[in-house]
Amino acid sequence: MRRTKIAGTGFYVPERVVTNHDLAKLMDTSDEWIRQRSGIVERRFASEDQTPADLAYEAAVRALADAGREIGEIDCILLATLSPQHEFPGTSFFLHEKLDAPEIPCMDLRAQCSGFLYALATANSFIRAGQFGRVLVVGCEVHSMGIELATRGRDVAVLFGDGAGAAVVEANDDANDPADILEIRLHAEGRHARKLWIEAPGCSLRPYRITHEMIDDGRIYPKMDGKFVFKHAVTRMPEVLLETLSAASKKLEDVDLFLFHQANLRINEYVAGQMGIAPEKCLNNIERYGNTSAAAIPILLAEARAAGRAGPGSLVAMTAFGSGFTWACALARL
Ligand code: UT7
C-alpha cells in the first residue's frame, strides 16, 4: 500500500483580538461565565475586508512554504468549512483563484468541526489510490459573520472564532522516511443534525429559502442544544480515538501528542481525564482562538509543529466531534 505523509502545515488567524470583555459590551455575558464554561479568553475576528478565502490563502501559502512546494506542484485542493464565502461555488474556488492555481480540481467538504479530518481522509485515499500525488487540505472559518452577537445568541456566539489551517499531504515513497498517515476513522449520525445547525437559508424552506421573517426570528443563526452536544462529544471522541488506535495496532501510550477539537476546554479535560491521558500530552489553544470548527485541528497541528511539540517521527492523534453529528480520528506519524 502506498504511504502518505503530512509534508507541511501552516495557519493564519486574523489580527483583530476580541476578548470576553469585548463581547460583554455587546450582550449579557461575562468573562467569568465564558472562561468557566469553555476555557475561552479571547478569539480572533476577521477584519471588514477579509474574506474566508483570504484566511485560507494565508494558511495555504504557509503550508506550501513549510512543505517546500509551489502551488504548481499541487494536484488537488480540498477545503473544509461551514462558513462559506458564498452559497456557491465553494470557498475552494475562491482560494483556487487567489493561489493562481493551474487547472487542478478543488472542492469544498461540509463536515463541520470534523471537516478537516474528513478532508484529510479524502486526500489520503486519493493519494493511496494513485489519483493524485499531492493534495492541499485546508480548514477555514469566518464564524464572526454568522453568529448572533446579541444576548439572544449568546450561548453560541461566545464560543466561536475565525481562522484557517492547512496541510500539504503527499505520497511518501521514501522507504527510509517513517512518516505516514496510519489510520483515519470517520463517523456520522444524521439524526442529530438539528442539535447544532443553521436552518436558513435553506432549499427545504417554503415558500422561499430566505424571508424577512426568518431573519427576524434569528433562524439564520446557529442553534445548539449545548448539553446534548457536550454529552455526545465526551462519548464519541474517546470511542473513535480507541477505534483508530486499535485499527493501527497502537496503544494510547504510543501516542506522543493528542490534538482534540477545540470546542470546549472542559470537554478536552474531561476526555483526557477519563482516558488517563497526561495533560502534557495534549495541546489546546482554545483560550486564544475559541472554536474555529474545521480550522481548529490544522491550526493546532501547525502550532504544534512550529513549537517543536510534534517533531519528525512523532505519533500524533487528532480527534474531532461536531455538528452533523460527525466525529473522526486520524493517527499520523510525522
Ligand atoms: O464545535 C461543535 C461542538 N460544540 C460543542 O461541543 C459545545 C458543547 N456544549 C458546551 O460546551 C456547553 O454546553 C456550553 C459551554 C455551550 C454551555 O454550557 P452549559 O453548562 O451547558 O450551560 P447552559 O447552556 O445550560 O446554560 C446555563 C445558563 C443558562 O441560564 P439559566 O437557564 O441557568 O438561567 C443560560 O441562559 O447560562 C446561561 N447562558 C449564559 N450566560 C452568560 C448561556 N449562554 C450564556 C452566556 N453568558 N454566553
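Helices here are DSSP runs of H or I with at least four residues, numbered from the N terminus. With that in hand, the surroundings of the ligand in this predicted model can be described helix by helix. Among the elements that contribute to the shell around the ligand, α8 gives the most, with 4 residues. This helix spans residues 226-247, and along with α2 (31-38) and α6 (154-157) it belongs to a set of helices that each supply at least two residues of the shell.

In total, the ligand is surrounded by 20 residues, and T29, R37, K227, N264 and N291 are the closest of them. By character, the shell divides into 10 nonpolar, 5 polar and 5 charged residues. Both domains take part: domain 1 (3-172) and domain 2 (180-333) each provide at least three residues of the shell.

Turning to individual contacts, two asparagines stand out for a reader exploring the site. In N264, a polar side-chain atom lies 2.6 Å from an oxygen atom of the ligand. For N291, the distance between an N or O atom of the side chain and an oxygen atom of the ligand is likewise 2.6 Å. The side chain of R154 also takes part, with an N or O atom 3.1 Å from an oxygen atom of the ligand. As for how covered the ligand is, the protein buries 72% of the 960 Å² that the ligand exposes when taken alone.

Finally, the site can be placed within the protein as a whole: the pocket in which the ligand sits is the second largest.

Conventions. Residues are numbered from 1 along each chain as its sequence is written. This is a predicted model: local features need pLDDT of at least 70, side-chain atom pairs count only at pLDDT 80 or more; totals for chains, interfaces and linings use all residues. Side-chain values use heavy atoms; hydrogens and water are left out. A residue is near a molecule or strand if one of its heavy atoms lies within 4 Å of it. A polar contact is a pair of N or O atoms within 3.5 Å; within protein, one must be able to donate a hydrogen and the other to accept it, and residues adjacent in sequence count only if both atoms are side-chain atoms. Accessible areas come from the Shrake-Rupley method with a 1.4 Å probe; for residues, only the protein chains shown count as cover. On a 1 Å grid over the protein atoms alone, a cavity is a set of points where a 1.4 Å probe fits but cannot get out, and a pocket is an open set with protein on both sides within 12 Å along at least five of seven lines; lining residues have an atom within 4 Å of a point. A molecule sits in a cavity or pocket if more than half of its atoms lie within 2 Å of its grid points. Ala, Val, Leu, Ile, Met, Phe, Trp, Tyr, Cys and Pro count as nonpolar, Asp, Glu, Lys and Arg as charged, and the others, Gly among them, as polar. Domain bounds come from an automatic or database domain assignment.
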